[in-house]
Each structure stands twice: as structure tokens, then as C-alpha cells.
Amino acid sequence: MDTSNRAIPKIHALSQCLDTHKANRFGITSGKYFLSNSLTYEVNGPVALLTLNRPDKLNAIDTAMMAEMNAAMDQAEEDHSIRAIVVKANGKSFSAGFDLDDEVWSSDKDEDIRAALQNDFDTIMRFWDSPKPTIACVQGYCLGGAMELALSCDLTVASSCALFGEPEV
């Protein structure tokens, strides 16, 4: 008996960005959950779901969201029952990238800008360096730093309406 297609239902669930209803249909049960202003963290069986939650700003990543992402990654990496980390987004777009309206970019000091860029880089690299598999579920716009985040994951699942780009280049 060929068992190579057994993973297809779960991969299909990922392609639907693992919404809770579909995940539960495949026997993944809900667990720990927290909600912040810009990120939700949920555990569905062995999967940690990080959901970008600023749809009114196309999920633009600001310093608060980066801090919340780092805290969620800490929690997922420390939890031995978590076997994979999925990052997805609420709304019509994955993310427009880093929020250029964030106050961190208004500094006149070069060292402040360098520190902000280093923080951006370190947050993105958390997904690349994670000891657990990371998966990005992308819909709509995935631009700039968000594209870097998706590329840093081990696997990126994109909907047919996903648009990737680096407009700052």
C-alpha cells in the first residue's frame, strides 16, 4: 500500500492557512491561546500558529509586533509538544512589510536606525534559525520585510492571489 499521499490532507489544510475549523477537521485540537494588539498565538495540537493581526494596516510589521513575534517564538521553541511553527495573517494580505510610520524610523541618530534594522534582521532570522520547522501561509500582498519573513521559513505556502515583492529595491 502506497502511503506517500497520507500527508496530503494536512498539507491541504496548510494551504488553507490552517484556519481552526479546517485544522480541527483533521484531528488537530485547540490549545493555548493569547491575543495581543497585533499578533495572536494559538496551539493546535503540535502546531503553533502565529497570526499577524493588523489587517487595517495590511499587517505592516511595527516594533510592537516584532516584540510579540519574538515572545511567541520563544514560547513555541520552549514548548516540547510543538513540532512546527506556522505564521499567517488576518485580512486580505499577509503583510505590506515593515511599518514605515513606526516611530523608530523617525530618529535622526544613525545608531537608532542601525539598531532598528538589526532588530528587524534578528526577528526575521528567528524563523530561519528555529530548531522547529517554520511555515509561512501567504495570501495577498507579501512585500519587503514580510517577503523576507516568508523566505526565511522552511516552507512557504502561497495562495493563488499571493503577490511577492521587494518594492524598496
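Leu 58 is partly exposed in this predicted model, because its relative accessibility of 28% falls between the 20% limit for buried residues and the 50% limit for exposed ones. The residue is found in the loop between E3 and H3. Its backbone deserves a second look: phi of Leu 58 is near 50 degrees, a positive value in a residue other than glycine.

The next residue to consider in this loop is Asn 59, which likewise lies between E3 and H3. Asn 59 is not a glycine, yet it has a positive phi of about 55 degrees. In terms of exposure, Asn 59 has a relative accessible area of 0% and is therefore buried, the limit being under 20%.

Arg 54 also has its place in the loop that links strand E3 (47-52) to helix H3 (63-78). With a relative accessibility of 13%, Arg 54 is under the 20% limit and so counts as buried. A polar contact of 3.4 Å joins the side chain of Arg 54 to the side chain of Asp 62. When neighbours within four places in sequence are left aside, the contacts of Arg 54 are Ser 38, Asn 59, Ala 60, Ile 61, Asp 62, Met 65 and Asp 99. Asn 59, the buried loop residue described above, is thus one of the residues that Arg 54 touches.

Moving into the strand itself, Leu 52 is part of E3. Leu 52 counts as buried because its relative accessibility is 0%. Outside its neighbours within four places in sequence, Leu 52 is in contact with Ser 38, Leu 39, Asn 59, Met 65, Met 69, Val 87, Lys 88, Ala 89, Asn 90, Phe 94 and Ser 95. Ser 38, Asn 59 and Met 65 are among the contacts of Leu 52, and these three residues are also among the contacts of Arg 54. Between Leu 52 and Tyr 41, which are eleven residues apart in sequence, the C-alpha to C-alpha distance is 9.2 Å.

On the far side of the loop, attention turns to helix H3 and its partner. The axes of H3 and helix H4 (residues 110-129) come within 10 Å and cross at roughly 30 degrees. This angle is under 35 degrees, so H3 is roughly parallel to H4. The crossing of the two helices is left-handed. On the H3 side, the contact is made by Met 66, Met 69, Asn 70, Met 73, Asp 74 and Glu 77; H4 contributes Asn 119, Asp 120, Thr 123, Arg 126 and Phe 127. By character, the residues of this contact divide into four nonpolar, three polar and four charged. Met 69, part of the contact with H4, also touches Leu 52.

A further helix, H5 (residues 145-152), is mostly covered, with six of its eight residues buried. The buried residues of H5 are Gly 145, Ala 146, Met 147, Leu 149, Ala 150 and Ser 152.

For the chain as a whole, the secondary structure comes to five helices and eight strands. Read from the N terminus, the elements follow the order α-α-β-β-β-α-β-α-β-β-α-β-β. The chain has 169 residues, of which 44% count as buried. Among contacts with a separation of 6 or more, 57% are accounted for by residues 24 or more positions apart.

Key: Residues are numbered from 1 along each chain as its sequence is written. This is a predicted model: local features need pLDDT of at least 70, side-chain atom pairs count only at pLDDT 80 or more; totals for chains, interfaces and linings use all residues. Side-chain values use heavy atoms; hydrogens and water are left out. Helices (H or I, at least four residues) and strands (E, at least two) are DSSP runs, numbered from the N terminus. Buried means under 20% relative accessible area, exposed over 50%, partly exposed in between (1.4 Å probe, protein chains only). A polar contact is a pair of N or O atoms within 3.5 Å; within protein, one must be able to donate a hydrogen and the other to accept it, and residues adjacent in sequence count only if both atoms are side-chain atoms. Contact means heavy atoms within 4.5 Å. Axes are lines fitted to C-alpha atoms, for helices over the stretch in contact, and angles run from 0 to 180 degrees between N-to-C directions. Angles under 35 degrees count as roughly parallel, over 145 as roughly antiparallel, 65 to 115 as roughly perpendicular and the rest as oblique. A crossing is left-handed if the near helix is turned anticlockwise from the far one by less than a right angle, and right-handed if clockwise. Ala, Val, Leu, Ile, Met, Phe, Trp, Tyr, Cys and Pro count as nonpolar, Asp, Glu, Lys and Arg as charged, and the others, Gly among them, as polar.
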